[in-house]
Amino acid sequence: MRKQLCAANWKMHKTGDEATAFVERFMQRVDSIPRSVDVVLCPPFTALHDVRGALAGAQGEDGRVKLGAQNMHWEAGGAFTGEISAPMLRSLGVQYVIVGHSERRQYFGETDEMVALKTAAALRSGIVPIVAVGESLATRRAGGALDHVLSQVRAALGGLQPDELRRVSIAYEPIWAIGTGQNCDPNDANEIMSAIRSCLPGLENVPILYGGSVKPGNIAAYTAQPDVDGGLVGGASLDPDGFAALAAAAAK
Ligand code: PGA
């Protein structure tokens, strides 16, 4: 049986000190989260070191709460001012990285091609990419949600071998549900996520997360669906008590 995964996407929130305070509080709550649920914290780059240190202090180096990043460049190094590479993340103890978040695609011009390069680079460095896909409201209203999402998945992952595909995670995040309080119906989300799972050989057992206004009070309605393996959580991941309650409620 697949485990559940709850990933906290803090976006551009929390200084190092704020991140440390979150981890200290969250780790007091972690025993309330069933072992069937894995947890990943994705702070901004500037707080990765602090979160790593706070997690190591609370649980040892290889505990159940994992460290993730929100973005990376696909090259291992070079003249790319302001960018961060997968080997740099790996050396900070990063085990997961979100790639292709809709905010990266929308505000920073990330294309499907760039998402594919980042996904492959993360895998080469032994980092699990959480590949984010999702349709706009206009696309959904026009009836094109499924085609759009599957084309994003194929573009990001189509060049990988099945043994590489088995190491990815995917997040289905309808753009119109992100930060709006407007949830996707869990049955509709499951339909798309089930189609993602069967669109390429190798994805049968990967974690597929729902994202978009996930809260402690609605996560269970998603994870009750057969193809939903947890959540990628923005706003509701910023409070340690709330995020611990959310992760606890994600257990099947
Ligand atoms: P939200 O964000 O939970 O605040 O809707 C989710 C995301 O953007 O990953």
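User: Let's start with the second largest pocket. By class, what makes up its lining?

Analyst: First the idea: a pocket is an open set of points on a 1 Å grid over the protein atoms alone, with protein on both sides within 12 Å along at least five of seven lines, and lining residues have an atom within 4 Å of a point. For classes, Ala, Val, Leu, Ile, Met, Phe, Trp, Tyr, Cys and Pro count as nonpolar, Asp, Glu, Lys and Arg as charged, and the others, Gly among them, as polar. Here the second largest pocket's lining has six nonpolar, four polar and six charged residues. Of its 16 lining residues, Arg166, Val168, Asn205, Val206 and Pro207 lie nearest the centre. This is a predicted model, where local features need pLDDT of at least 70 and side-chain atom pairs count only at pLDDT 80 or more, while totals for chains, interfaces and linings use all residues. Residues are numbered from 1 along each chain as its sequence is written, and side-chain values use heavy atoms, with hydrogens and water left out.

User: What volume does the largest pocket have?

Analyst: A volume is the space filled by probe spheres set on the grid points, which are joined across faces, edges and corners. For the largest pocket that comes to about 480 Å³, against about 220 Å³ for the second largest. The largest pocket has 18 lining residues, with Met12, Gln70, Asn71, Arg104 and Phe108 nearest its centre.

User: And how do I read a cavity? Which residues line the largest one?

Analyst: A cavity is a set of points where a 1.4 Å probe fits but cannot get out. The largest has a volume of about 40 Å³, and its lining includes Gly100, Arg105, Gln152 and Glu173. By class, that lining holds four nonpolar, four polar and two charged residues.

User: Glu173 lines the cavity. Which residues are closest to the ligand?

Analyst: A residue is near a molecule if one of its heavy atoms lies within 4 Å of it. Here 13 residues surround the ligand, and the closest are Lys11, His101, Glu173, Gly179 and Ser213. The shell has four nonpolar, seven polar and two charged residues.

User: Where are the polar contacts to the ligand's oxygen atoms?

Analyst: Look for a pair of N or O atoms within 3.5 Å. A side-chain N or O atom of Glu173 is 2.6 Å from a ligand oxygen; for Ser213, a backbone N or O atom lies 2.7 Å from one. Asn9 has a polar side-chain atom 3.4 Å from an oxygen of the ligand.

Note on methods:
A polar contact is a pair of N or O atoms within 3.5 Å; within protein, one must be able to donate a hydrogen and the other to accept it, and residues adjacent in sequence count only if both atoms are side-chain atoms.
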